[in-house]
Amino acid sequence: MTWLVWRQHRKQLLFGVVALLVLGAFFVRTGRPIHDRFEQLGLPECLPQTIDTTVVAELFGDAASVDDATAAITRCAQTAREFFNDYGNIIFTLGSLLLILPMLVGMFWGAPLVARELEHGTHRLVWTQGTSRLRWAATKIGLVSIGVLVMTSVFAGMLTWWITPVIQTSGQRFDFSIFDIHGIVVFGYTIFALALGVFAGAVTGRLLTAMATTVVGFLAARLVVMLAARPNFLPTETVSARLDPARADQWNLLHGDWILSRQDPPGCAKGATDCVDTLTMQIHPAHQFWTFQAIETAIFVALALCLVLATIYWIRRRIA
């Protein structure tokens, strides 16, 4: 059975390996200059201290009126913003294209897994050769899933290296264009898309119908989780920051918090010398990033397991 699965899916595996090589060449070619400039600007040394600072002086303001430590943090934040302005749009544009890769896995790996067998009727031949339906389904789904997860690991590693400088200089790790292509959620999305494609193929028995169903189901699930569920994974926190109008202080976006709502200070009276404004926000703090990643990954892995079980049931009970 293992040999049969290899024979049936070796072209897909070859295509996947070639795609990884192409992506790897692209990441190295475009990522090396980004990493070189990131290091030349001294950002790896100054960013840790800058990121830990809650409030910084105005990024484009005059840092001469503050102490040396604050001035250094301001200059680092300013340099980080300039770096991000140079590379952020490129990374976000290309990163947005990478959002659909898990969906492509579901379309071209998951959907044909069972649908093609049903369309051609080859499943009946296998079942008459002493191979049970359960073993047939488990072997096909299991081996293909392992291959997909291995390739996803390679892809995730390359992508993480490529995008790290932009993440560190943006502070926008919770933004969907970064959150959805970075970290462990990539594995959850991929295994869900694969399972959805397999289930759609088993139920419809038609390859094109299964592929279309995979696209619609994947996009619907992602949008529901991203827009409705993700903001409510954990309770928000209320934070307040004291801003000094004399120095034009502001909240440090490099801090990486997810700001859900913001109440700007009303402003001080004209001519006041000792006035300090207070900024109040509802946030998910930056340290919750990996907790959010784990929760969302668990959701999609659980959905994938349910779909796999439903697929096995359908193959054993519903397919003639």
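Let's start with disulfides, meaning pairs of cysteine sulfur atoms within 2.5 Å. By that rule the count comes to 1. The partners are C46 and C76, with 2.0 Å from S to S. The link of C46 and C76 is right-handed, with 75 degrees about the S-S bond. What does the pair tie together? C46 lies in helix α2, residues 43-52, and C76 in helix α3, residues 68-98, so the bond ties together parts that are 30 residues apart in sequence. Helices here are DSSP runs of H or I with at least four residues, strands are runs of E with at least two, and both are numbered from the N terminus.

Is C76 buried or exposed? Buried means under 20% relative accessible area, exposed means over 50%, and partly exposed is in between, using a 1.4 Å probe and protein chains only. C76 counts as buried, at 4%. C46, at 25%, counts as partly exposed. Another cysteine, C306, counts as exposed at 52%.

A word on what you are looking at. This is a predicted model, where local features need pLDDT of at least 70 and side-chain atom pairs count only at pLDDT 80 or more, while totals for chains, interfaces and linings use all residues. Residues are numbered from 1 along each chain as its sequence is written, and side-chain values use heavy atoms, with hydrogens and water left out.

Now the whole protein. There are 10 helices and 5 strands. The protein has 320 residues, and 45% of them count as buried. Contact means heavy atoms within 4.5 Å. Take the contacts with a separation of 6 or more: 82% of them join residues 24 or more positions apart. The exposed area is about 16,100 Å², and carbon and sulfur atoms supply 63% of it. That area comes from the Shrake-Rupley method with a 1.4 Å probe, and for residues only the protein chains shown count as cover.

Next, the empty spaces. Both kinds are found on a 1 Å grid over the protein atoms alone: a cavity is a set of points where a 1.4 Å probe fits but cannot get out, and a pocket is an open set with protein on both sides within 12 Å along at least five of seven lines. Lining residues have an atom within 4 Å of a point. Points are joined across faces, edges and corners, and a volume is the space filled by probe spheres set on the points.

Pocket first. The largest pocket has a volume of about 480 Å³. Which residues are closest to its centre? Of the 18 lining residues, they are G16, A19, L101, V105 and W109. Four helices each supply at least two residues of that lining: α1 (2-40), α4 (101-120), α6 (133-170) and α8 (185-204). The lining divides into 15 nonpolar, 3 polar and no charged residues. In this scheme Ala, Val, Leu, Ile, Met, Phe, Trp, Tyr, Cys and Pro are nonpolar, Asp, Glu, Lys and Arg are charged, and the others, Gly among them, are polar.

Now the cavities. How many are there of 30 Å³ or more? The count comes to 2. The second largest holds about 50 Å³ of space. Its lining is L98, L99, P102, F155, D180, I181, V186 and Y189. That makes 7 nonpolar, no polar and 1 charged.

A few single residues to find on screen. Q12 lies in helix α1. At 13% relative accessibility, Q12 counts as buried. Beyond its neighbours within four places in sequence, Q12 is in contact with F108, W109 and P112.

T160 is in helix α6, and counts as partly exposed at 31%. T160 and G183 are 23 residues apart along the chain, with 7.5 Å between their C-alpha atoms.

Over to strand β2, residues 237-243, where R242 sits. R242 is exposed, at 61%. L243 is in strand β2 too, but L243 is buried, at 9%. Where do they lead across the chain? The C-alpha atoms of R242 and T278 are 4.5 Å apart, with these positions 36 residues apart along the chain. For L243 and D277, the C-alpha distance is 5.0 Å and the sequence separation is 34 residues.

Last stop, A69, in helix α3. A69 is partly exposed, at 42%. The C-alpha atoms of A69 and Q49 are separated by 10.0 Å, and the two residues are 20 apart along the chain.
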